[in-house]
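Subject: Structure for you to look over

Dear colleague,

I am passing on the structure we talked about, and below it I have set out what was found. Please read the notes with the structure open beside them.

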Amino acid sequence: MNRSQSDPDAAPESAPSGPQTAPIGKAGGARHAELDLEHFLPYRLSVLSNRVSSAIARVYSERFALSVTEWRVMAVLGRYPGLSANEVAQRTAMDKVAVSRAVARLIEAGRLERDTHDDDRRRSVLQLSLDGYKIYDEVAPMALAFEQRLLNGIEAPEREALFRLLDRLDELEMQAEAEMAATTR
């Protein structure tokens, strides 16, 4: 059964992608651009990311009272200790304010420690505390097990292709963002 047969709201398999026009709103026949969300990559990636993050978050939010943002901060610092809050925000592509708030909550809860950088005393760096590492050491294996269950239905060559495509999309997104910034100046 294809997607459109199993999901009555799904677009037909042969639906064109890109902007379409359709009568929308009370303007009586006015035509507006229509975004075909089922074929719009940013939307699809966002929805999938939110669903996967939420599934994993159910485990650590109940057990440790952590938000998704707090766990992401902890995950990055578990892998890369000694980053600044700005560097964490860059690595996660999360809003700096959201990261700053998460860092403050984690410090207050005793899960993170803030110190000054050895070479630059004006720069503060973050690392997990002992309590933070205890949580990290419990949640990281759960997250890896969830990922394994998720990927079990994908053969090894498909996984390799998936990660190559994700790497390529990452490169292309940065390039497109730079081009867009250059044209809006």
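Is E171 buried, partly exposed or exposed? With a relative accessible area of 45%, E171 is partly exposed, because that value falls between the 20% under which a residue counts as buried and the 50% over which it counts as exposed. Please keep in mind throughout that this is a predicted model.

**Salt bridges**

The count of salt bridges comes to four, and I describe three pairs here, beginning with the one that involves E171. The side chain of E171 meets that of R168 in a salt bridge, with 3.1 Å from N to O. Both E171 and R168 belong to helix α7, where they are three residues apart, about one turn of the helix. R168 is likewise partly exposed, its relative accessible area being 42%.

A second pair is formed by R63 and E138, whose side chains meet in a salt bridge at 3.3 Å, N to O. Since R63 lies in helix α2 and E138 in helix α6, this pair ties together parts that are 75 residues apart in sequence. R63 is exposed, with a relative accessible area of 52%, whereas E138, at 39%, is partly exposed.

The third pair is E70 with R105, which form a salt bridge whose closest N and O atoms are 2.6 Å apart. This pair, too, links distant parts of the chain, with E70 in helix α3 and R105 in helix α5 (residues 96-108), 35 residues apart. The side chains of E70 and R105 are also listed as joined by a polar contact of 2.6 Å. As for accessibility, R105 is partly exposed, with a relative accessible area of 40%, while E70 has a relative accessible area of 7% and is therefore buried, the cut-off for that class being under 20%.

**Surroundings of E70**

Helix α3, in which E70 lies, covers residues 68-79. If residues up to four places away in sequence are left out of the count, E70 touches A65, A102, R105 and L106, so that its salt-bridge partner R105 appears among these contacts as well.

**The largest pocket**

How many residues line the largest pocket, and which of them lie nearest its centre? The lining is made up of 38 residues, of which S49, S53, R72, F163 and L166 lie nearest the centre, and the volume of the pocket is about 2,200 Å³. Several helices take part, for α2 (41-64), α3, α4 (85-92), α6 and α7 (156-183) each supply at least two residues of the lining. The greatest contribution comes from α7, which gives ten residues. By residue class, the lining divides into 26 nonpolar, four polar and eight charged residues.

**A143 and S53**

S53, one of the residues nearest the centre of the largest pocket, also appears in a pair with A143: the two are 90 residues apart in sequence, and their C-alpha atoms are 9.6 Å apart in space. A143 is found in helix α6, which covers residues 130-151. With a relative accessible area of 18%, A143 is buried, because the value is under the 20% cut-off.

With best regards

How values were computed: Residues numbered from 1 in each chain as written. Predicted model: local features only at pLDDT ≥ 70, side-chain atom pairs only at ≥ 80, totals over all residues. Heavy atoms only, no water. Helix = DSSP H or I, 4+ residues; strand = E, 2+ residues; numbered from the N terminus. Buried < 20%, exposed > 50% of the residue type's maximum accessible area, 1.4 Å probe, protein only. Polar contact = N/O pair within 3.5 Å; in protein donor to acceptor, adjacent residues only side chain to side chain. Contact = heavy atoms within 4.5 Å. 1 Å grid on protein atoms, 1.4 Å probe; cavity = no way out; pocket = protein on both sides within 12 Å on 5 of 7 lines; lining within 4 Å. Points joined across faces, edges and corners; volume = space filled by probe spheres on them. Nonpolar A, V, L, I, M, F, W, Y, C, P; charged D, E, K, R; others polar.
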